[in-house]
Amino acid sequence: VFLLQAQGKRQWQLSSQDCNLDNYIQGVDLRLMEKFIVEDDYICEAGDILYLPPLWGHHGISLTDDCMTFSIGYRNYKGLELWDSFGDYLAESDNFKDLYKDPNWINNQPGQISDASWQQAQTLLKSVLDNDDLFKQWFGRFATQLDEGSAEQLPEPLAEDEIDELSLLINSLTECESIQIDPVCRFAYYEENENVTLYINSAKWNLFDAETSFIKLLCNQKNISGKQLQPYLKQAGNQALLNDLWSLQFFEILN
């Protein structure tokens with residue numbers, strides 16, 4: 001977590017000791033540590049940024065009436081979350097239809113689980129984990145998925161009667177200062193052997209034959225200047241992709 005002091009002053013006390021579930025006060029929604037041993041003490045003023053590594057507790061004390069701090073967090077996924085997501089993708093995409101095949105049960109007791117039986121299941125699951133193409137498709141969706149709170153903040157798509165002709169959109173883009181990708185949206189691409197796959201908000205996206213360099217630009221920058229945009233506005237595939245994203249309000253035109 002990064003703590004950005006926007007205005008005023010705040011004192012931060014930090015501790016790396018006993019930062020575990022057993023040390024949290026029970027019965028409250030916040031994670032408050034019952035035992036808190038101060039190891040470091042900082043005073044942050046406007047413009048200061050304090051980095052908190054994982055598993056460090058922190059206690060903030062406002063020192064001025066106008067104190068305002070922004071907390072900027074980065075989420076770490078647990079292995080179980082990846083496993084659940086991959087399983088959900090397999091179920092939704094119907095890409096894993098192989099059947100479990102019983103091993104040879106000769107010399108087994110009726111209630112006995114043999115090594116061959118669980119090894120057969122392990123081999124079946126490994127086969128899908130070793131499927132690189134399938135794994136890449138899933139990970140592109142996983143890497144761009146939105147949490148529930150973010151998904152609710154996506155902009156409302158344009159209604160049918162609000163969508164202008166493509167030529168009007170391109171004219172607006174030609175004259176704009178820049179375009180701003182919606183901050184909630186997540187764009188990412190995967191490139192292999194000069195082929196690019198585009199993922200947006202956990203979906204594999206239609207490329208509309210847009211140029212690879214243009215797709216990369218959309219994914220790598222949240223704000224794209226009019227000067228950067230100009231070289232791409234004449235190509236039909238780029239226009240179609242922009243029109244698609246505009247109809248969903250995934251970017252804003254800034255003049």
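This passage goes over the overall build of the chain and then its nonpolar cores. The structure is a predicted model.

Starting with the big picture, the protein chain carries 8 helices and 12 strands. Its radius of gyration comes out at 26 Å, while the globule rule would give 18 Å for 255 residues, so the chain is more spread out than a compact globule. Along the principal axes, its C-alpha atoms take up a box of roughly 80 × 60 × 35 Å. Of the 255 residues, 29% are buried. The accessible surface adds up to about 16900 Å², with carbon and sulfur atoms making up 49% of that. As for charge, there are 17 positive and 41 negative ones, and their mean positions sit 6 Å apart. Looking at contacts with a separation of 6 or more, 74% link residues 24 or more positions apart.

Now for the inside. In soluble globular proteins, nonpolar side chains tend to be buried together. Here, the largest nonpolar core counts 30 residues, and Leu173, Phe187, Phe214, Leu241, Leu245 and Phe251 are the ones with the most contacts inside it. At least two residues apiece come from α5 (166–175), β7 (178–181), β9 (195–200), α6 (212–220), α8 (236–247) and β12 (251–254). The largest share belongs to α6, which puts in 5 residues.

Leu241 gives a feel for the packing: setting aside neighbours within four places in sequence, its contacts are Leu198, Trp205, Asn206, Leu207, Phe208, Ala210, Phe214, Ile215 and Leu218. There is also a second, separate core of 7 residues, with Phe86, Leu90, Val128 and Phe142 among them.

Note on methods: Residues are numbered from 1 along each chain as its sequence is written. This is a predicted model: local features need pLDDT of at least 70, side-chain atom pairs count only at pLDDT 80 or more; totals for chains, interfaces and linings use all residues. Side-chain values use heavy atoms; hydrogens and water are left out. A nonpolar core is a set of buried Ala, Val, Leu, Ile, Met, Phe, Trp, Tyr and Cys residues joined through side-chain atoms within 4.5 Å. Buried means under 20% relative accessible area, exposed over 50%, partly exposed in between (1.4 Å probe, protein chains only). Helices (H or I, at least four residues) and strands (E, at least two) are DSSP runs, numbered from the N terminus. Contact means heavy atoms within 4.5 Å. The radius of gyration is taken over C-alpha atoms; the globule rule is 2.2 Å times the number of residues to the power 0.38. Accessible areas come from the Shrake-Rupley method with a 1.4 Å probe; for residues, only the protein chains shown count as cover. Lys and Arg count as positive and Asp and Glu as negative; His and the chain ends are not counted. The place of a charge is taken as NZ of Lys, CZ of Arg, CG of Asp or CD of Glu.
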